[in-house]
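Visitor: I would like to learn how to read side-chain pairs and helix packing in a model. Please take me through one.

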Amino acid sequence: MSQFKMLTKYIPMLQEDHIGEWMIDQENDGTAEHPIQMPFVKYSETVRHFIEDVYNFAEQHQELELTRYREILKENGIEGGPNDMENVDISSLNAQCMLALIMGVVRAERFCDGTIFNSFKSGAILKWLERLKNLDV
């Protein structure tokens with residue numbers, strides 16, 4: 001089995017998936033009794049499994065040092081937020097860097113709701129997964 005199959009198997013599933021939807025609180029009025037819940041993205045089951053597998057992959061492949069994703073990106077000249085990451089020319093990037101891009105977006109979601117959603121909608125994550133699949137031996 002190919003090394004990245006755990007993640008690249010999602011390519012056809014994600015192409016057909018609705019990814020998720022923004023949940024906006026329409027019911028509460030902002031009073032102390034009825035505080036408004038902050039908007040968040042409710043991700044599809046496929047995306048939730050993908051995120052889980054990104055973490056599982058990183059855990060199973062410690063040699064790739066994906067906990068150092070920021071440093072890996074920096075070493076490859078990639079700095080900035082997810083929007084900057086989406087516009088990177090990936091044609092010469094190696095598998096570790098592709099995985100670091102994916103991990104960067106997954107981790108950024110913890111600080112900014114919708115980061116993963118936006119990266120799927122822009123096509124960036126699928127593009128990164130396709131590159132990973134092409135690099136797989």
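Guide: Glu65 has a relative accessible area of 40%, and since buried means under 20% and exposed over 50%, Glu65 counts as partly exposed. Keep in mind that this is a predicted model.

Visitor: With which residue does the side chain of Glu65 meet in a salt bridge?

Guide: Side chains of opposite charge can pair when their charged atoms come close. Here the side chain of Glu65 meets that of Arg68 at 3.4 Å, N to O. Arg68 is partly exposed, at 23% relative accessible area.

Visitor: How close are the N and O atoms in the salt bridge between Glu75 and Arg68?

Guide: The closest N and O atoms of Glu75 and Arg68 are 2.6 Å apart. Glu75 has a relative accessible area of 56% and is exposed. Glu65, Arg68 and Glu75 are thus joined in a network of salt bridges.

Visitor: How many salt bridges does the structure hold?

Guide: The structure holds three salt bridges. One of them pairs the side chains of Asp53 and Lys9, at 3.7 Å from N to O. Asp53 belongs to helix α3 (residues 45-60), while Lys9 sits in the loop between α1 (5-8) and α2 (10-16), so this pair ties together parts that lie 44 residues apart in sequence.

Visitor: Is Asp53 buried or exposed?

Guide: Asp53 is buried, with 11% relative accessibility. Its partner Lys9 is partly exposed, at 35%.

Visitor: Now helix packing. At what angle do α3 and α6 pack?

Guide: To read a helix pair, take the angle and the distance between axes, then the residues in contact. For α3 and helix α6 (residues 95-108) the angle is about 125°, and the axes are 11 Å apart. Angles over 145 degrees count as roughly antiparallel and those from 65 to 115 as roughly perpendicular, so α3 and α6 are oblique to each other. Their crossing is left-handed.

Visitor: Which residues make the contact of α3 and α6?

Guide: On the α3 side they are Phe50, Ile51, Val54, Tyr55, Phe57 and Ala58. On the α6 side they are Leu99, Ile102, Met103, Val106 and Arg107. By class, this contact of α3 with α6 has 10 nonpolar residues, no polar ones and one charged.

Visitor: How are α6 and α8 oriented to each other?

Guide: The axes of α6 and helix α8 (residues 124-135) come within 9 Å and cross at roughly 155°. With that angle, α6 and α8 are therefore roughly antiparallel to each other. The crossing of α6 and α8 is left-handed.

Visitor: What residues make the contact of α6 and α8?

Guide: From α6 come Ala95, Met98, Leu99, Leu101, Ile102 and Val105. From α8 come Ile125, Trp128, Leu129, Arg131, Leu132 and Leu135. The classes in the contact of α6 with α8 are 11 nonpolar, no polar and one charged.

Visitor: Where is Phe4 found?

Guide: Phe4 is in the segment before α1. At 4% relative accessibility, Phe4 is buried.

Visitor: Which residues does Phe4 touch, not counting those up to four places away in sequence?

Guide: Leaving out those sequence neighbours, Phe4 touches Phe57, Ala95, Leu99, Leu132 and Asp136. Among these, Phe57 belongs to the contact of α3 with α6, and Leu132 to that of α6 with α8. Phe4 and Asp136 are 132 residues apart in sequence, yet their C-alpha atoms are 6.5 Å apart in space.

Conventions. Residues numbered from 1 in each chain as written. Predicted model: local features only at pLDDT ≥ 70, side-chain atom pairs only at ≥ 80, totals over all residues. Heavy atoms only, no water. Salt bridge = Lys/Arg side-chain N within 4 Å of Asp/Glu carboxyl O. Helix = DSSP H or I, 4+ residues; strand = E, 2+ residues; numbered from the N terminus. Buried < 20%, exposed > 50% of the residue type's maximum accessible area, 1.4 Å probe, protein only. Axes fitted to C-alpha atoms, helices over the stretch in contact; angles between N-to-C directions. Parallel < 35°, antiparallel > 145°, perpendicular 65-115°, else oblique. Left-handed = near helix turned anticlockwise from the far one by under 90°. Contact = heavy atoms within 4.5 Å. Nonpolar A, V, L, I, M, F, W, Y, C, P; charged D, E, K, R; others polar.
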